[in-house]
Amino acid sequence: MLDFFAIFSKGGIVLWCFQGAGVTESFGGPVNALIRSVILQERSGNNSFTHNALSLKYKLDNEFELVFVVGFQKILTLTYVDKFIDDVQLHFRDRYKNELEQRGALKFLLNNFEFGDDFHILLREAEGSSKAKAPVSMRTFNESQKSQKTVKSMIETKDGDKSKEQVGKKSKNAKKEGEKSGGDQAKAAAQTASKKAVETGNGGLTQEEIIERNRAKFFSKQLGGAKPEKSSKSPKPQKPKGKMNRVWDMGGKRIAELDYSGTNGDNSSDAQNQDPDATAEPLIQVDSMKGDLRGVDYESSDDDDDEDEEVQEEDRVVVANTNKKGGKKGGFGGMFGMLKGLVGSKNLTQEDMEPVLDKMRDHLIAKNVAAEIASQLCNSVAKKLEGKVMGTFTTVASTVKQALQDSLVQILQPKRRVDILRDVLEARSQRKPFVITFCGVNGVGKSTNLAKISYWLIENGFTVLIAACDTFRAGAVEQLRTHQRRLNSLHPPEKHGGQPTVQLFEKGYGKDAAGIAMEAIAFARNQGFDVVLIDTAGRMQDNAPLMTALAKLIAVNTPDLVLFVGEALVGNEAVDQLVKFNQALADHSKTDKPRLIDGIVLTKFDTIDDKVGAAISMTYITGQPIVFVGTGQTYSDLRSLNARAVVSALMKA
């Protein structure tokens, strides 16, 4: 039933393994894929992983830094696997606890872990328990209770119900008669009591009640004579008698001092301070962007440190409160209990981390991280820390926060380095253009950021051809033509041997986008352009015809880089967009290995302050890096992603 079972350390040393009968393929490939795609990428929120035809289940032992992995065929439904892997972990830990406490790769290599007999015993027990819980066969009609009922019993049941109803009616009538008789007796008793009270003249009160009443009257008279002083009340604010005159900031100055028309009329003073070369500059002033792009920076604030201290203080209070039960015996019990909770002698459990993870989850969602992604991140951190021994004088909140920060940085750092300048130089050496395709939903800034990337490439000495493949939106070609004209004014052809640095390839509206892109790539190859930037029409992820056209464009032209352009303002929508874009590209592709999204361009990053959660959501879904970040309206407002700066902004209160 099982293809393999492996126990290895997080350092990569296999301690023990099992391979099923008839299985010839090595389990190294699936396990390595699990390590690369899940464990190293901090995606261990779900304990299952699929690789080709195999389904893998894994469990992390953070105390001894071990990983338990079981693999079986994907078509099988094995209900006992989760409990079986837990049992194997507990037995392996108990049997080799002394050997596992000796950390180090050399110690693991010297020890011999003979676990085959125990493994087979546990496997037989797990398989037997699953067979014992087979579905129970259905009872026959003769064995059921319904077969015992007869027509006579059903008729008697009806009569019995009627008799019950009659008995119920009789009891109700009896209750009503009793209530009437009881009410008459109560009324008679009340009348006799009132008569006696009138006769005595004291309203039926006892002697003690009369004394208490007279005493209360006496005290009320005494207190009523001394009136409270009015000075104890707060004085009412007096209303102003009339409207106060407004005092202006410029008040008291003469009109002559506020008249600047004489100095601005002839521009005599300003002309002396002006730079004589300023008039020679073009109307468009853009910063230089030679070399690699700068990263997005965030200034660290003191408020974040203050909040960390508050969280730690709150966590110390929680630890102290949990230890109060055992500290009632002595005066120092609370202090020693708190120190015991702080000193690193405690293994973290799910219950310890649950309140902190709930706060972290809400914080991530408030920072624009998709709710599903926030839950998966917190589950991954919980599995990473469960059973781990805390450091000396560290709290649960600080430990969980540090683990979450490390996970976020690991997610944002790309699995592969995307160096476009190096790739363009390599394509130039092969005498072919480097092709980049931009796709995304409507209104996210594809054309604007395409122009920014064009300016960055021109600054680094490359020639660019823009392919206007948005033949759907009115004004799309004219927008790109305007960008081309402005970019050529920043880099005049005279400075580049009479050749324009950027050109526009367009065929108008209503044409096939895939055909225009193919002609543009052929034109760029013949004319010696270094880069081709393909602008596509914006489309919603649910628009099947447009998604089919995009998949056709990518499949026919096979660009070197497919960039998804998404805005940083979205939250849960980012997940839906990227999942459906990738799914559409895979569904409409005719090859076994479809071309999916290679990278992300995150736009409108300057409008979100510290709500940078969309970067986490997009990267977590695709597993692809954020290549460019748009931070403004000018051509130089283009940055690369600084993972640590984004994470610090994300964790800031």
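Tutor: A disulfide here is a pair of cysteine sulfur atoms within 2.5 Å. This is a predicted model, where local features need pLDDT of at least 70, side-chain atom pairs count only at pLDDT 80 or more, and totals for chains, interfaces and linings use all residues. Residues are numbered from 1 along each chain as its sequence is written, and side-chain values use heavy atoms, leaving out hydrogens and water.

Student: Okay, how many disulfides does the structure hold?

Tutor: Zero.

Student: And Cys378, buried or exposed?

Tutor: Cys378 is buried, at 1% relative accessible area (buried is under 20%, exposed over 50%, partly exposed in between, with a 1.4 Å probe and protein chains only). Cys469 is buried too, at 3%.

Student: Switching to helices: at what angle do α16 and α17 cross?

Tutor: Roughly 25°, and the axes of α16 (residues 446-459) and α17 (residues 476-490) come within 10 Å. Helices are DSSP runs of H or I with at least four residues, numbered from the N terminus. Axes are lines fitted to C-alpha atoms over the stretch in contact, with angles from 0 to 180 degrees between N-to-C directions.

Student: Which residues of α16 and α17 meet?

Tutor: Ser447, Leu450 and Tyr455 are among those in α16, and the α17 side includes Gln479, His483 and Leu487 (contact means heavy atoms within 4.5 Å).

Student: Nice. How many residues of α21 are buried?

Tutor: Nine of the ten in α21 (residues 613-622), including Ile616, Met618 and Tyr620.

Student: What follows α21?

Tutor: Gly623, with a positive phi near 75°.

Terms used:
Helices (H or I, at least four residues) and strands (E, at least two) are DSSP runs, numbered from the N terminus.
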